[in-house]
Each structure stands twice: as structure tokens, then as C-alpha cells.
Amino acid sequence: MDEPTPTPRYMGSLAAVLERRAVGDANLAPAASDAQAIALNVDLASLTAEGTLQAAAAELQRLRSTMHFTAVALAPIQTRSADGDANAPVSFFAIDPKFGTRADLRAFVATMKSIGVDVWMRFVLTQTGEGTDASPRSESLRGIDAATYFQLGSSGGLDSAGVPMTTALNPCSAPTISLLVDALRTFTLYDGVSSFIIETGGGIVRGPLGRSPLLETLAYDAVIGNAPKKLYLTPSADECGAMPSWGVIGEINAKYSRGVENFFRGAPGMLNEMALRLGGSPDIFRSNRDARYGLNNFLRSAPSCSIPPTCAIPKTTTADPTETSDPIARAELAALFTSTGGILINVHALNPTLQPLASQLSQFRASRIDLFTDEFAFDGVRWIDPFTGAAPSFDDVSAAPCLTCLRRDLTGRNRDVWIAYNGSIAAFSTNLPSPSPGFRWIRRFDTSLAASDAAEPTPLVAQSYSVAPASVSVCELVELAKA
């Protein structure tokens, strides 16, 4: 018999730390830090035909055998209202039976940890799917003191959360905060969940004098705030970088995808925006946050991109005729894996035509993660105008979307990496930097080539390189004896 779902109870900070339970093999090395994370965003309902945690474990093990990733972020799996809306939970402790049980979750976490993968959970903490005053439902918390847990309007009625048949929780209420903190603690202590992505909305950051007592409590909690992984919020592009952090809470970088997409759609004057997004968005996360990173994301349900007819990118002659993936999607995927900071990618965006490229990119990033972490990247990246070899004119609003950079190896091994990004409709040729004595450039990958042509590193004969339209090319310095 499955053990019952843990019931809500207050766990004092010291008691909770002492009670922390190990899930999986305690001797395994911890997965990479958030700044080095390659996390897959996973919706159990659509990942497999069964839609369960058990089936997902087998599928993710299969994927892990071909692609390097360090974490999976589960879409909300809490018990939900009768219409099945993930944004309408009716319990913060129980898992929806269609996904499995808490025992299944622990087994899933143990399986993932056995292959070096952490488990994160996406959580909706702002509302419940228990209906409204006009259309109440009988599930879960409505029978408790509504005025204590829920947000009341000026008339005394329950406030709607903006999602059909949901009621907004009061994030400033002490009982509500205790309930939600206890829920996240149980998933950390009893199930081994490493991190949480809090779905931001419904006034979760609201509080006296602009402070959020719920988020502040989570940030300073001895279990959640001190977990191996921390918390992430999901702000809109307008809110990005402005969320409270307390030195612990990070954000999904809502500005990342927009900037990269516009660059590869051929928009002029995007050099500064592109360099900032690829460089870890220091304009957002360095000036007003404490040692936290934005998690760059590729969260579209499918790797499609609406390109104006005048900017349509032709198929390159070097590509395999059986290759049907969108060249812009391939370029954006390569840009993601060559960006500073952690990565969150929707597993459903990795259709069969993109998976070979994703596997190649993930292995490359894992082998050179030193180039893409914050402490190295901000000092080790030099942006180059591919046409002049000088610094780009970042203020030029008419500049073509063509950019190269040199990520310098600061470990003393001289294994620099050169990357070219072409968002225009025409190819360009550019010179690579002169290699150090005893080294030569090899091509690691080129998104304009078929996977079979780019599977092995290729030594470059000439010092110049032709970069195809809507593509990303990466070259690495290696010793002559190894080239």
C-alpha cells in the first residue's frame, strides 16, 4: 500500500534541517550549480503515452543516454480541479492521481539522481481551483476559514485569480504562508526535489511597502532557501530583473528569447541586445541582484518562427536534403547553448530533427562549461565585428545582425572558442583570430550543416570562415598534436 500523502504540519527550521531525508544514492556527486544547469522543462501529460512519472523516468533515461542535461523541471503535478487545468490546483501536498503517487515521485527522483540529474518542480502558489462565490466547488480548502487563506475583495467576497474557476490566495496571510512553505518543504525533505520554479502572477510579490512576505519567508527558510538549488520566478519581460531576490531567488530570463528571436529574424540594430542576452544579461541581473543568474530559456511548444516573407531564409546547399528542421530554430538552439548562465529548454521543442543537434551542443557545453559560467564569462568574452575585426558598433541602429565573439580560456590552457552568429539573409566571410603558437582552429559545429557532416570536429585549413545565413558556427583552439 502506498503511504499516505504527508499532512500539513509546521516544521521548525532546525527540526526540518535535522529531519532532511536522503533520496537516492547519497554517495553520488551533486549535479551542477544553477549557473551551469541544462534543465529540461517536462510536461508529464504529454511526454509519454502513459503520462505518468514511471513512464517519464524511462523516457528521460533514454534521452539522457544521447543528450547531456543536469535537471528536469516538472510542470505542475499537484492535484487539480475537475477540468484538469494545471493552474487550478486543489491541493499543495497531493499529486494528481493521473501522474502517480508521492512514492512514484520519490522513485522518479531516485532514478534521475542515479544518472546525475536533479529534479525541479514548477509550482502554482497564487490560487486554487475551488471555484468562485458564484460557482463554488467542494474540493480542498474552501471549507476552511476562507477569510484566513483567500484574498477578499472590498465587498467581502472572494477575489478571482484571473484563471477560470480559481480563487486568489492571500500571499500576505501568515496561515497561507505557513501552508505554502510547509508544502514546498515536504517535497524537499521527503521526496528529494532540489529546486522550485514559482509561477509568478496573481500578486505573489504583493506585500506591505512593496515587500513580499511569502517570497521573503521562502528565501530565508532553512530548508528551501538553503537547498542545493534555489528558487526561480517567472516574471514577464517588463518585470524581468525587478523581482525581489534576497540574494537567493533567481528568475527565468523573460527577455532572452525575444532578443535572440529578433536577431535571427533579421532585425537591424540588434547587436547590443544580442550581446547582452548571450553574455548573461548583465544589464538585468548584475546591477540589482545578489549573485543570482537569469535562467535562459527556449520554452516554445514547437521550434517554429514566423518570418516575414521578405526575410525568408533559403535552404543552404550544404544541408542534408532530408533535414527538415527550421534553420532559425537550429540557430536559436545553438545560441542558447553558447550563452552565459543556466539553460531551461522545453523538451517538446526538441523534435526528432533537432535532437541530434541538441545532443551535440549539450556535449560541447558540458566539456567547456568553464566558458559559460558567470565568473569566467564576464571577463572572458570579446565581441568582434565580423567585417572589420574591431569592436562592434553597438549603437548603430542600422547594423546588420552579424556578430562574432571570442570566449577566452582563462584557465591557462589557451583553448579559446570563437563563435559566429548570422541573423541576416546573406552569408558573410570573416577571419578568425590568429591562433596561439602550437595551436590551430577546428570547427566544432555549424548549424547550417547536416548532423552527419558536423558530427566530428574538423580542422580548418584557411584562417577565414564563411558563415551561412541564419546560422551559428563554433570553432575551438586545440593543440596541433590533437587536431
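Helix α12 covers residues 355–367, and at 1.5 Å a residue its 13 residues should span 18 Å; the C-alpha atoms at its ends are 18 Å apart, which agrees. The model is a predicted one.

**Helix α12 and its surroundings**

The buried residues of α12 are L357, A358, S359, Q360, L361, S362, F364 and R365. These residues pack against two kinds of element. The helix among them is α11 (327–337). The strands are β1 (38–42), β10 (343–346), β13 (417–422), β15 (439–446) and β18 (471–479).

An α-helix has 3.6 residues a turn, so residues three or four places apart point the same way. The buried positions L357 and L361 of α12 both touch L333, as does A358.

**The protein as a whole**

The secondary structure comes to 13 helices and 18 strands. The protein has 483 residues, and 55% of them count as buried. Among contacts between residues at least 6 apart in sequence, 71% join residues at least 24 apart. The accessible surface of the protein comes to about 19200 Å², and carbon and sulfur atoms account for 53% of that area.

**Cores and helix α11**

The largest nonpolar core has 94 residues. Those with the most contacts inside this core are L40, V72, F108, F196, F264, L333 and Y421. The element that gives the most to this core is α11, with eight residues. A second, separate core has 14 residues, including L406, F428, W441 and Y465.

Ten of the eleven residues of α11 are buried, so this helix is largely enclosed by the rest of the structure. The buried residues are I328, A329, R330, A331, E332, L333, A334, A335, L336 and F337. The list holds R330 and E332 alongside nonpolar residues such as L333 and L336. At the start of α11, a side-chain oxygen of D326 reaches to within 3.0 Å of the backbone nitrogen of I328.

Leaving aside residues up to four places away in sequence, L333 touches F298, I345, L350, L354, L357, A358 and L361. L336, another buried residue of α11, is among the residues that N297 touches.

**Individual buried positions**

The residues below are discussed one by one; the table gives the place and relative accessible area of each.

| Residue | Place | Relative accessible area |
|---|---|---|
| E199 | loop between β6 (195–198) and α7 | 18% |
| V223 | loop between α7 (213–220) and β7 (231–233) | 0% |
| N297 | strand β9 (residues 294–298) | 10% |
| P433 | loop between β14 (428–431) and β15 | 17% |

Buried means under 20% relative accessible area. E199 is therefore buried, at 18%, and P433 likewise counts as buried, at 17%.

E199 makes a side-chain polar contact with the side chain of R122, at 2.6 Å. Besides R122, E199 touches F123, V124, T126 and T234, not counting residues up to four places away in sequence.

N297 also has a polar partner: its side chain reaches the backbone oxygen of N253 at 2.8 Å. Not counting residues up to four places away in sequence, N297 touches I252, N253, A254, Y256, S257, L336 and L344.

P433 touches I384, L406, W418, W441 and Q463, again not counting residues up to four places away in sequence. Two of these neighbours, L406 and W441, are members of the second core. P433 and D416 are 17 residues apart in sequence, and their C-alpha atoms are 9.9 Å apart in space.

V223 counts as buried at 0% relative accessibility. V223 and L189 are 34 residues apart in sequence but 7.9 Å apart in space, C-alpha to C-alpha.

**Cysteines**

How many disulfides does the structure hold? The structure holds zero. A disulfide is a covalent bond between the sulfur atoms of two cysteines. C172 is partly exposed, with a relative accessible area of 30%. C402 is buried, with a relative accessible area of 6%.

Note on methods:
Residues are numbered from 1 along each chain as its sequence is written. This is a predicted model: local features need pLDDT of at least 70, side-chain atom pairs count only at pLDDT 80 or more; totals for chains, interfaces and linings use all residues. Side-chain values use heavy atoms; hydrogens and water are left out. Helices (H or I, at least four residues) and strands (E, at least two) are DSSP runs, numbered from the N terminus. The expected span of a helix is 1.5 Å times one less than its number of residues. Buried means under 20% relative accessible area, exposed over 50%, partly exposed in between (1.4 Å probe, protein chains only). Contact means heavy atoms within 4.5 Å. Accessible areas come from the Shrake-Rupley method with a 1.4 Å probe; for residues, only the protein chains shown count as cover. A disulfide is a pair of cysteine sulfur atoms within 2.5 Å. A polar contact is a pair of N or O atoms within 3.5 Å; within protein, one must be able to donate a hydrogen and the other to accept it, and residues adjacent in sequence count only if both atoms are side-chain atoms. A nonpolar core is a set of buried Ala, Val, Leu, Ile, Met, Phe, Trp, Tyr and Cys residues joined through side-chain atoms within 4.5 Å.
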